[in-house]
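Thanks for making the time this morning. I would like to walk you through one model, beginning with how its chains are arranged and ending in its interior.

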2 protein chains.
Amino acid sequence: MTDLKQKDLLIKEWLEEIKTYIIEQKNEDLEVSQKTADNDLVTRMDKTIEEKLVGKIRSHFPSDKIVGEEGFGDQVDSLEGTVWFIDPIDGTLNFVKQQENFAVMIAVYTDGIPECGYVYDITQNKLYSSIKGEGVCCNGQQVQHPENLKLNEGMIASSSALMGNEKKPVIREIGRTCMGVRMRGSAGLETVEVLKGNVIAYIASNLKPWDVAPGLLFMSEMGMTASQFDGEEIDLLKDNSIIFATNNAHKEIVNMLDA
Amino acid sequence: MTDLKQKDLLIKEWLEEIKTYIIEQKNEDLEVSQKTADNDLVTRMDKTIEEKLVGKIRSHFPSDKIVGEEGFGDQVDSLEGTVWFIDPIDGTLNFVKQQENFAVMIAVYTDGIPECGYVYDITQNKLYSSIKGEGVCCNGQQVQHPENLKLNEGMIASSSALMGNEKKPVIREIGRTCMGVRMRGSAGLETVEVLKGNVIAYIASNLKPWDVAPGLLFMSEMGMTASQFDGEEIDLLKDNSIIFATNNAHKEIVNMLDA
């Protein structure tokens, strides 16, 4: 077994542990505290999960670097070497208010090249995972490549902040050009909607590196396109406004954003 | 057993038959045809399901009237007597493009008073049902009343058409006042999100009677508020722009819409 296959099995083992922990704790008091705004809640669980994952990574891969949402990782200013991206709970607001529609996300990159990525929809019990070159699986089953649909042939996913921004009417124009807009409130789960073909594009602004790191690999494995709004490559050292889309819809969206 | 309990059991039996039929047929060619617009698809299955349901209602309750989306029902211009509202597939676009996130909906009213209502999330295998006076159940389990939260204490659900309408900035203002907007693309499933407490309100324009008939009963059973945008009662003989919400959020939303 290659090192990467072993790493993949190890990460999946960790994710199962995390899932068990979340399900056990979910109904307890979440000790919600306010981070920077009402809609940016952080719970004890985000912190505990990141701490658990960081501990495991440090013990198995002591020389790797870690980029995490809750601050247990490293200050990373270069993608040289091996870098882990961790989002302990993506969609924290859904987690707090709905106890569903959230995901645990991990991605590993070496010298800026993705090795493997994971988006775990805990309450639906669906683990989307990928090893570079082997496509994307859902619970071990290969996900079929969606059709390369044009913008007017499917729906898009976007974020509440972007769709509701009066200064960005172009986003709503894109929404009216396609068949409809869907919003789940979790970057990881919207990404999964794109790779399943449930929507043809996901458009969101100011996403953090851990929000996009697994999706970037998924899009490449599915033969789909990922870029910043201006068509440039996504930069995992900073926040990005991103498009994940079918190749056809991607071109149209970049053109509309540029107009 | 009362007549209403018997009717409830009969409807649930029909819904199980419909579910089996949908699951068997789902992967076949759906023979999508265009109704009035690209995003208003109608499939062979909508029609077949409505025809099946109408047949059953006519044979068991020959003097009742039927309001259905696909035209197998009656021309109904009064709510006198017993009226059935049927939406064979609510969220047809999701059904066609995602093969999930759609619902089968039924509601029965006598002289304008709701008797029973059903929203069946087929792929999640969750049947939300209510008999007047007995609350709302999910797969037979009583759904707990959600907290009476204010607008800034939760998220709202809305529709793509409304959120993306440049002439309705107030809807986006409501979206920014609350914690975030979610959109699933099925009136029935958004209604379910309100009664579960996943969102505190659902706001949508131009809904058909069959889109709102079960929800109107659900809201009343959960002690929540349902109204038109201006606060007036919903009229099941016409299209309505509706708010389903916690009592507190409802007041705030009506005020904002009126400003």
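**Two copies and what lies between them**

Let me begin with the symmetry: in this predicted model, a turn of 180° with a shift of 0.0 Å along the axis lays chain A on chain B with an RMSD of 0.0 Å. The two copies are therefore related as by a two-fold rotation axis. If you want to find that axis on the screen, look for A:Met183, whose C-alpha is the nearest to it in chain A, at 2.4 Å. The same surface serves both copies, in that 100% of the contact residues of chain A recur in chain B.

Turning to the contact itself, 24 residues of chain A meet 24 residues of chain B. On the chain A side, the elements that give two or more residues are α3 (92-98), α4 (160-163), α5 (169-177) and β11 (181-182), and the largest share, four residues, comes from α5(A). What is the chemical character of this side of chain A, in nonpolar, polar and charged residues? It divides into seven nonpolar, 10 polar and seven charged residues.

Now to the interior. In soluble globular proteins, nonpolar side chains tend to be buried together. Here the largest nonpolar core has 150 residues, and those touching the most other members are Ile156, Ala201 and Phe244 of chain A, along with B:Ile156, B:Ala201 and B:Phe244. To take one of these, and leaving aside residues up to four places away in sequence, A:Phe244 touches A:Thr191, A:Val194, A:Ala201, A:Tyr202, A:Gly215, A:Met219, A:Met224 and A:Ala226.

Key: Residues are numbered from 1 along each chain as its sequence is written. Chains are lettered from A and ligands numbered from 1 in the order in which they are written. This is a predicted model: local features need pLDDT of at least 70, side-chain atom pairs count only at pLDDT 80 or more; totals for chains, interfaces and linings use all residues. Copies are superposed by least squares on the C-alpha atoms of residues with pLDDT of at least 70 in both. Two residues are in contact if their C-beta atoms, placed from the backbone, lie within 7 Å. Ala, Val, Leu, Ile, Met, Phe, Trp, Tyr, Cys and Pro count as nonpolar, Asp, Glu, Lys and Arg as charged, and the others, Gly among them, as polar. A nonpolar core is a set of buried Ala, Val, Leu, Ile, Met, Phe, Trp, Tyr and Cys residues joined through C-beta atoms within 7 Å. A residue is buried if 20 or more other C-beta atoms lie within 10 Å of its own, exposed if 12 or fewer, and partly exposed in between; C-beta atoms are placed from the backbone.
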